[in-house]
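User: Please take a close look at one loop residue and its exposure, and then place that residue in the wider picture of the model. A formal, connected account would be welcome.

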Amino acid sequence: MATLSLTQPAGGFRIERFRRFVPPLVIVLLWQAGSSAGLIPPRSIASPVTIIVTFWTLLASGELLQHLLVSLGRVTAGLAIGVSTGATLALVAGLSRRGEDLVDATMQMLRTLPFLALVPLFILWFGIGETPKIALVALGSAFPIYLTLFAGIRGVDAKLVEAASVFGLSQRELVRQVILPGALPSALVGLRYSLGSAWLSLVIGEQINASSGIGYLVMTARDFLRTDIIFVGLIVYALLGLGADQLVRAIERSMLRWRPSFVKE
Amino acid sequence: MPLSAARPLAGLEPAATRPDVVRIRGLTRSFGGPNILDGLDLDIADGAFVALLGRSGSGKSTLLRTLAGLDPAPAGTVTVPSERTVVFQEPRLLPWKSVWRNVALGLPGSNARDRAVAALQEVGLSHRIDAWPLTLSGGEASRTALARALVREPRLLLLDEPFAALDALTRMKMQGLVGSLWQAHRPAVLLVTHDVDEALQLADRVLVLAEGRIATDIPVTLDRPRRHGDPGFVRLRARLLADLGVDEGEGEAAPAAPRPAGRPVPAGHPVAAPAGA
């Protein structure tokens, strides 16, 4: 052990990690104390204990799960449409000059438009059912994956492509074995952005005339001044975002395991 | 004229010499300015180890790329075997494929892995078969690139300054490896380099490219293994350096006593004496 004196002893390392959780814990305790003392009115912010109890009640009654499944269904459908469309367009634009001429200028113009500004139009076009919500998620998630996959394809080292063609790879094999794997790191960053954009679209989408979903739960709670339910909704959104991020991380760990940062792990 | 990948007819060759695998006549190439290659003629015999020297910008890489089929040959005839391959300046390994998959890249058939493993064994990398390229050292990456060329059993092996980026010790090891692999498999080799010692160490024919043509073409008949101090080696070295426009005295003094350019040092001045003398 004496030779390792430069590294932190194990005990100190643990305390340091624990230290990071102290400030949020203190904030929650102060919040609870303020609520109990009547300093924070429940119609502004519910107390942590109330939020936990409400969370448990909603969970136990199955209400939360039901709304969660509806929201997840919308996000999954929208993401599937958006990501596949964005990726297909990126492949078309990235792999051929003609495709770039046809697709890229249009996509670059559309992406400057804040897509949430299309909500009124979407309601006019698609009504107030599931379609405008899914369409909004699809639109929001298509652009990030398009931009990053296109840039990734164009950013593949030309020297690698040249070498691979010298070693007898056909055009098809070049795309499959060199260009797409080379563009993957960039595309996965795009997938993360797409997921973030999808949640954002979902929140907005569910606040327009929904009759189910986490957004609906939150909007109804607002009408009854139930800040505890609103907080439960926020926590669920946060957990979903976190889960999505973990999912992409897992994909990265398995698909980019050739990267030194993963190799060392 | 288009690049044709036909073998020359062996029957037309004189019996005493080996057939040529490379035949270039009147190759001319420019990139907008003056001709980089200007009516160049070159034959390379089957199994010959040819080193191509030239100053930077002399067009030696252009010539190699033309032989590799990477650059077009707009004027002139170029005949090369279709079984040719390149070792580039950088290893150019695909980072997302393991070492053996890089070696087996583009190989047809179901025994690709066995062939790749055998080639890796031959370059001394059998312990790194499943490694990711980004975890390799510079020397290991070079060996992998060499194995990837070797596994294709080329009749013409094109080496484009393959050791330029390696440290001195690794470079010496790699030069030895290339020499022994050549003796074992006997492909024709064209080694593009700026290193006169490397050329004399390995090649049995050394060319100097200048003004778009082969300006010098000398056979190297020294016995192998070759030693830098050998009188024949020193004589050839001086001649090649002169052809490259380097005064050998200047070349020797420069590392020992670096001095500002343009300030001539008078003979007998202490600075001009080799360090440690």
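Analyst: B:E211 counts as exposed, because 12 C-beta neighbours lie inside 10 Å, and a residue is called exposed at 12 or fewer. The model in which this is seen is predicted. B:E211 sits in the loop between β8 (205-210) and β9 of chain B, and its phi is near 50°, a positive value in a residue other than glycine. Most residues other than glycine have a negative phi, and most peptide bonds are trans.

Both parts of that general statement can be followed further along the chains. Strand β9 (213-219) of chain B leads into another loop, the one before α7 (231-243), and B:P225 is placed there. A cis peptide bond joins B:R224 to B:P225, with omega at about -5°. In chain A, the residue A:L225 also has a positive phi, near 55°, without being glycine. A:L225 belongs to the loop between α10 (214-223) and α11 (227-255) of chain A. A:L225 counts as partly exposed because 13 C-beta neighbours lie inside 10 Å.

A contrast to the exposed loop residue is B:L181, which lies in helix α5 (residues 168-185) of chain B. B:L181 is buried, since 20 other C-beta atoms lie within 10 Å. Neighbours within four places in sequence aside, B:L181 is in contact with B:E122 and B:L150. B:L150 is 31 residues away in sequence, yet the two C-alpha atoms are 8.5 Å apart.

In soluble globular proteins, nonpolar side chains tend to be buried together. The largest nonpolar core here has 107 residues, and those with the most contacts inside it include B:L52, B:L190, B:L191 and A:A90. Helix α7 (residues 130-154) of chain A gives the most to this core, with 14 residues. Apart from neighbours within four places in sequence, B:L52 is in contact with several residues, among them B:L190, B:L191, B:L207 and B:L209. The strand β8 (205-210), which precedes the loop of B:E211, spans the positions of B:L207 and B:L209. A second, separate core of 11 residues includes A:I214, A:I229, A:I230 and A:V232.

Elsewhere in chain B, strand β1 (residues 20-30) pairs with strand β2 (residues 35-45) in the antiparallel sense over 7 bridges. B:L27 has B:L40 as its bridge partner in β2(B). There are 4 residues between the strands of this hairpin, and B:G32 takes a positive phi near 90°.

Chain A, by comparison, comes to 12 helices and 0 strands. Its radius of gyration is 24 Å, whereas a compact globule of 265 residues would have one near 18 Å. The C-alpha trace of chain A spans about 75 × 75 × 30 Å along its principal axes, and buried residues make up 30% of the chain. Where the two chains touch, 16 residues come from chain B and 15 residues from chain A. On the chain B side, these residues divide into 10 nonpolar, 3 polar and 3 charged.

A word on confidence completes the account. The mean pLDDT of chain B is 83, and 83% of its residues reach 70 or more. Over residues 1-16 of chain B, however, the pLDDT is below 50, and the value is also below 50 over residues 251-277 of chain B. Where pLDDT is low, the predicted coordinates should not be read in detail. The model as a whole scores ipTM 0.77 and pTM 0.79.

Technical notes:
Residues numbered from 1 in each chain as written. Chains lettered and ligands numbered in written order. Predicted model: local features only at pLDDT ≥ 70, side-chain atom pairs only at ≥ 80, totals over all residues. pLDDT = per-residue confidence, 0-100. Contact = placed C-beta atoms within 7 Å. Nonpolar A, V, L, I, M, F, W, Y, C, P; charged D, E, K, R; others polar. Helix = DSSP H or I, 4+ residues; strand = E, 2+ residues; numbered from the N terminus. Rg over C-alpha atoms; globule rule 2.2 N^0.38 Å. Core = buried A, V, L, I, M, F, W, Y, C linked by C-beta atoms within 7 Å. Pairing = 2+ DSSP bridges.
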